[in-house]
Amino acid sequence: MTARNEPKPASPFTTESNIAAAVSFDDPGDFGRATRGLIAQLESGRVTVGDHVVYDVEDHRFVTEGDAPDTVHPGLWRQAQLNWNHGLFKVADGVWQVRGYDVSNITFIAGETGWLIIDPLTSAPAAAAALDLANRTLGERPVESVIYTHSHVDHFGGVLGVTSREAVERGDVVIVAPEGFVEEVVNEFVIAGPIMARRAAYQFGPLLEPGPRGHVDCGLGSTQGKAGADLLAPTHLVTHTGQEMTLSGVRIQFQMTPDAEAPAEMNFFFPDKRLLCMAENCTHTLHNLYPIRGAQTRNALAWSKYIQEALELWGDDTDVMFASHHWPRFGQDDVKAFLVMQRDVYRWMHDQTMRLANQGYVPTEIAAELRLPAEFDQSHVRGYYGTVSHNVRSVYNRYLGWYDGNPANLDPLPPVEAGTRYVDFMGGTDNVVRQARECFDRGDYRWVVEVVKHVVFADPTNQHARALQADAFEQLGYQAESATWRNAYLMAAKELREGSPEQGRVPARDMSHAMQAEHLFDQLGTRLDPTALDHTPFTFNVEFTDLGEHHVVGVGRSAIHHRSGTSDPAAIASMRTDRAGWVAATTDPAKVDELEISGSDAVIRGMLRNLTTFGGQRLIEP
């Protein structure tokens with residue numbers, strides 16, 4: 001018998017659903033592509049820091065053992081088998097990738113005198129292990145250039161594993177990124193960082209136990225590593241399509257793709273190698289137009305057009321294409337067919353969503369109506385990561401926002417109050433749970449989680465309701481083709497059964513040295529607690545000694561404002577600090593006294609000591 005808090009087996013309905021989903025995937029060549037060029041692996045399959053295991057391929061070896069179990073969608077099982085391949089792979093002459101020791105790839109290109117590195121993974125330990133593997137296998141080279149393809153953490157967070165801040169400041173290492181890169185990093189990982197980190201735990205499922213009833217895959221890779229991220233600011237920006245650079249003696253042509261897979265992203269081509277990098281704009285899955293961790297909604301129409309533009313720019317000259325996740329494509333015909341399919345799927349989602357929206361359909365109706373047509377039934381556009389369901393709702397949201405046109409949804413009740421009233425209307429808790437149990441026994445799991453959520457919000461201590469909703473979430477997870485949906489469902493089940501995980505305060509990533517003053521003040525505004533102020537407007541001066549800049553920060557009407565390049569003689573106080581000192585004081589109240597402040601310092605110190613501290617945000621429970 002399964003213990004109350006342990007994962008349950010697949011129900012007969014889930015088993016039947018997954019058997020029905022076991023369609024024939026028509027691209028068996030993926031298994032050859034995913035293993036092609038393997039020349040070395042980490043002997044242990046582990047990335048470690050001392051006794052701490054950052055990444056271990058053995059955690060997911062179970063996916064290589066036979067056909068999909070009844071608790072895993074067969075498409076996701078197939079993707080997990082492909083993603084499990086790991087090691088150092090030759091991509092083209094002078095070009096290699098390390099895959100399978102992080103959720104993303106790191107690419108090494110041998111320049112004239114050193115390495116050009118593309119996307120140094122999520123964490124320094126993973127990137128350092130990859131660089132060591134490349135140096136030991138291929139011959140040691142100094143790192144001379146780094147390219148960040150875009151502004152997501154798994155493509156820059158490991159930069160200190162391949163270079164150092166001092167090397168970049170000396171000019172020994174060049175870092176290239178698309179225009180707007182730092183601003184978008186700040187938006188996602190500083191301004192929205194704490195809640196996004198909490199929601200990412202649902203999207204990627206790092207707290208789930210690996211196994212057929214737990215974590216199977218992330219869609220873009222097997223799993224995330226268990227280490228923090230860093231950031232070094234780029235030294236050179238790509239600002240326009242057609243811009244060219246030579247890095248480490250290697251010629252590169254760039255294409256800007258803002259608001260596709262990331263707000264700041266770029267593709268690029270190596271003309272002397274006939275080699276195309278599509279960043280994360282083309283991977284072996286249907287991608288997200290909106291990731292459930294939270295982010296700006298992406299532009300499906302622009303995304304499709306960028307792929308078309310890449311085809312026009314370089315399609316006839318490309319022999320090999322690689323990306324920031326998954327495996328390459330080899331041969332001009334294969335590359336072009338791959339890009340065409342990716343181009344068309346994003347355009348189809350965009351156009352068909354707006355066709356139905358303009359007929360008056362609301363997002364949930366569109367999501368229920370649209371299914372991937374048979375001509376897209378190939379593995380690299382199936383929903384192992386994004387889904388048609390939440391992507392079409394994202395298209396709607398980008399044009400029309402959260403409001404679906406029904407005035408009943410303009411000012412809905414918050415979930416606790418709504419839950420209490422719904423349960424009362426439906427005849428009380430016992431009646432709701434009884435009827436929901438009958439729906440569960442018929443395999444109607446979507447309706448169970450919809451109905452029982454009201455009981456959980458109305459009475460979070462009701463263990464019968466929590467257990468029933470957890471069981472329903474779990475079966476939905478087992479049936480999900482998308483890794484992110486599976487992880488979210490199973491994380492919800494885990495939290496309902498065991499309570500919210502002890503996360504404590506979400507630690508801030510060490511990005512202060514890459515942030516400008518404006519970014520630091522933007523973050524200050526999101527943490528300002530008006531109840532700690534007496535509502536008398538004031539200004540204070542800030543001199544950042546490492547930037548050589550003067551700023552005025554104003555506080556009034558429960559909000560801040562900021563002016564740069566000046567000082568206010570009427571300010572109540574003046575502060576001298578560097579960025580590191582500012583970040584230390586705004587993240588640790590004990591450090592506030594170390595700031596150098598003249599004037600009415602008590603007001604400023606009091607404000608900084610009472611900034612809101614983030615951590616442990618709820619998702620399921622009220």
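This is a walk through a predicted model, one selection at a time.

**Stop 1: the eight-stranded sheet**

Start by selecting strands 1 and 4 to 10, which make up an open sheet of eight strands. The order across it is 1-4-5-6-7-8-9-10, and the pairing is mixed. Now look at the two edges: strand 1 (38–40) and strand 10 (236–238) each have a single partner strand, so one side of each has no neighbour in the sheet. On average, neighbouring strands here are turned by 25° against each other, direction ignored.

Zoom in on strand 7 (residues 115–118) and strand 8 (residues 143–147). They pair in the parallel sense, over four bridges. Which residue of strand 8 is the bridge partner of Leu-116? Pick Ser-145 and you have it.

Then step off the end of strand 7 into the loop that leads to helix 4 (124–138), and select Asp-119 there. Its phi is positive, about 60°, although the residue is not a glycine. Most residues other than glycine have a negative phi. Is Asp-119 buried or exposed? It is buried, because its relative accessible area is 1%, under the 20% cut-off.

**Stop 2: a hairpin**

Next, select strand 11 (residues 244–247). Met-245 and Leu-247 form its covered face, while Glu-244 and Thr-246 are on the uncovered one. Add strand 12 (residues 250–256) to the selection: it pairs with strand 11 in the antiparallel sense, over four bridges. Thr-246 stands opposite Arg-251 in strand 12. The hairpin has two residues between its strands, and Ser-248 takes a positive phi near 55°.

**Stop 3: Thr-318 and its contacts**

Go to the loop between helix 8 (300–314) and strand 15 (320–322) and click on Thr-318. This residue counts as buried, at 1% relative accessibility. What does Thr-318 touch, leaving out residues up to four places away in sequence? Show the side chains of Phe-269, Arg-274, Leu-276, Gln-332 and Val-335. Arg-274 is worth a distance label: it is 44 residues from Thr-318 along the chain, but the two C-alpha atoms are separated by 4.7 Å.

**Stop 4: two packed helices**

Colour helix 14 (residues 445–458) and helix 15 (residues 463–479). They pack at an angle of about 150°, with their axes 9 Å apart, and the crossing is left-handed. To see the contact, show residues on both sides. From helix 14, these include Val-448, Val-449, Val-452, Val-455 and Val-456; from helix 15, they include Leu-468, Ala-472, Phe-473 and Leu-476. Arg-446 and Lys-453 are also among the helix 14 residues in this contact, and Arg-466 is one of those from helix 15. Taken together, the contact residues divide into 11 nonpolar, three polar and three charged.

**Stop 5: the five-stranded sheet**

Now move to strands 17 to 21. They form an open sheet of five strands in the order 19-18-17-20-21, with mixed pairing. Strand 19 (559–564) and strand 21 (596–599) are the edges: each has a single partner strand, so one side is left without a neighbour in the sheet. The average turn between neighbouring strands is 20°, direction ignored.

Strand 18 (residues 549–556) and strand 19 run antiparallel and are joined by six bridges. Gly-556 has Ala-559 as its bridge partner in strand 19. In the loop between these two strands, select Ser-558. Like Asp-119, it is not a glycine, and its phi is positive at about 65°. Ser-558 is partly exposed, with a relative accessible area of 37%.

**Stop 6: helices against that sheet**

Bring up helix 19, which lies across strands 17, 18, 20 and 21 and runs at about 80° to strand 17. Then add helix 18 (residues 579–587), whose buried residues are Arg-579, Trp-582, Ala-585 and Thr-586. Why are they on the same side of the helix? Because they cover an arc of only 130° around the axis. Their cover includes helix 17 (517–527), strand 17 (538–544), strand 20 (573–577) and helix 19 (601–609).

Finish on Thr-577, in strand 20. It is buried, with a relative accessible area of 7%. Among the residues it touches are Glu-543, Phe-544, Asp-546 and Leu-595, along with Trp-582, one of the buried residues of helix 18.

Technical notes:
Residues are numbered from 1 along each chain as its sequence is written. This is a predicted model: local features need pLDDT of at least 70, side-chain atom pairs count only at pLDDT 80 or more; totals for chains, interfaces and linings use all residues. Side-chain values use heavy atoms; hydrogens and water are left out. Buried means under 20% relative accessible area, exposed over 50%, partly exposed in between (1.4 Å probe, protein chains only). The arc is that of the directions from the helix axis to the C-beta atoms. Contact means heavy atoms within 4.5 Å. Two strands pair if DSSP finds at least two bridges between them. Axes are lines fitted to C-alpha atoms, for helices over the stretch in contact, and angles run from 0 to 180 degrees between N-to-C directions. A crossing is left-handed if the near helix is turned anticlockwise from the far one by less than a right angle, and right-handed if clockwise. Ala, Val, Leu, Ile, Met, Phe, Trp, Tyr, Cys and Pro count as nonpolar, Asp, Glu, Lys and Arg as charged, and the others, Gly among them, as polar.
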